[in-house]
Amino acid sequence: MKYLFRGGTVVSGRGTRRADVLVEDEKILRVARSITAPEAAVIDVEGQLLLPGFIDAHIHLESSLVSPKEFAKAVLPHGTTTVITDP
């Protein structure tokens, strides 16, 4: 399924810009000022930040009530792509 995230602010290493993002099967197909894709489900994200992934640099897995593996299964599908832990 294709999704068109319309009207958000895309955040990247180059800064921020207002853009639409076309996604299919969890892959970004196109980022542009204005995208037309009649076959895509449109999701209005005006006023929202669109991030390529989230890095959680402040998590205390050693004091957590769940195992790191359970934690990863819970957060990775929802946008957290990296978890930094102490050795």
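# Notebook: strands, a patch and a buried aspartate

**Entry 1. The start of the chain.** I began with M1, which is found in the segment before β1. I note here that the model is a predicted one. Is M1 buried or exposed? M1 has a relative accessible area of 58%. The cut-off for exposed is over 50%, so M1 counts as exposed. I then looked up what M1 belongs to on the surface. M1, Y3 and I43 form a nonpolar patch there. Together these three residues have about 280 Å² of accessible area.

**Entry 2. The overall layout.** I listed the secondary structure next. The protein has seven strands and one helix. I wrote down the order along the sequence as β-β-β-β-β-β-α-β. The protein has 87 residues, and buried ones make up 23% of them. The exposed area is about 6700 Å² for the protein, and carbon and sulfur atoms supply 55% of that area. I also looked up how the contacts span the sequence. I took contacts between residues at least 6 apart in sequence, and 49% of these join residues at least 24 apart.

**Entry 3. The partners of β1.** Which strands pair with β1? I found β2, β4 and β5 among the partners.

- Strand β1 covers residues 2-12 and strand β2 residues 15-24; the two pair in the antiparallel sense over nine bridges.
- Strand β4, residues 41-44, pairs with β1 in the parallel sense over four bridges.
- Strand β5, residues 49-50, pairs with β1 in the parallel sense over two bridges.

I then picked single positions to follow these pairings in the structure. K2 stands opposite E24 in β2, and S12 stands opposite G15 in β2. Between β1 and β2 there are two residues, and the two strands form a hairpin. For the parallel pairings, I noted that R6 stands opposite D44 in β4. V10 has L50 in β5 as its bridge partner.

**Entry 4. From β2 to β3.** I moved on to strand β3, which covers residues 27-32. It pairs with β2 in the antiparallel sense over five bridges. These two strands also form a hairpin, again one with two residues between the strands. In that hairpin I looked up D25, which takes a positive phi near 50°. I marked one facing pair here: D20 stands opposite A32 in β3. As a reminder to myself, in a regular strand the side chains alternate between the two faces of the sheet.

**Entry 5. D20.** I gave D20 an entry of its own. Where does D20 lie? Its place is in strand β2. The relative accessible area of D20 is 1%. Buried means under 20%, so D20 is buried. What does the side chain of D20 reach? I found the backbone nitrogen of G7 at 2.9 Å. The backbone nitrogen of I35 lies 3.1 Å from a polar atom of the D20 side chain. Leaving out residues up to four places away in sequence, I listed what D20 touches: L4, F5, R6, G7, R30, V31, A32, R33, S34 and I35.

**Entry 6. Salt bridges.** How many salt bridges are there? The count comes to three.

I took the pair of E39 and K2 to begin with. Their side chains meet in a salt bridge, N to O at 3.0 Å. E39 sits in the loop between β3 and β4 and K2 in strand β1; they are 37 residues apart, and the pair links distant parts of the chain. I looked up the accessibility of E39: with a relative accessible area of 48%, E39 is partly exposed.

Next I took R6 and D20, whose side chains meet in a salt bridge at 3.8 Å, N to O. R6 lies in strand β1 and D20 in strand β2, so the pair ties together parts 14 residues apart in sequence. R6 is partly exposed, with a relative accessible area of 33%.

Then came R18 and D20, with a salt bridge between their side chains at 3.1 Å, N to O. R18 counts as partly exposed, at 34% relative accessibility.

**Entry 7. Putting D20 together.** Which residues does the network of salt bridges link? It links R6, R18 and D20. I set the accessibilities side by side: D20 is buried, whereas R6 and R18 are partly exposed. I also added the backbone contact with G7 and the one with I35 to my sketch of D20.

Methods
Residues are numbered from 1 along each chain as its sequence is written. This is a predicted model: local features need pLDDT of at least 70, side-chain atom pairs count only at pLDDT 80 or more; totals for chains, interfaces and linings use all residues. Side-chain values use heavy atoms; hydrogens and water are left out. Two strands pair if DSSP finds at least two bridges between them. Buried means under 20% relative accessible area, exposed over 50%, partly exposed in between (1.4 Å probe, protein chains only). Contact means heavy atoms within 4.5 Å. Accessible areas come from the Shrake-Rupley method with a 1.4 Å probe; for residues, only the protein chains shown count as cover. Patches are made of residues with over 30% relative accessible area and no salt bridge: like charges are joined within 9 Å, nonpolar side chains (Val, Leu, Ile, Met, Phe, Trp, Tyr) within 5 Å. A salt bridge is a side-chain nitrogen of Lys or Arg within 4 Å of a carboxyl oxygen of Asp or Glu. A polar contact is a pair of N or O atoms within 3.5 Å; within protein, one must be able to donate a hydrogen and the other to accept it, and residues adjacent in sequence count only if both atoms are side-chain atoms.
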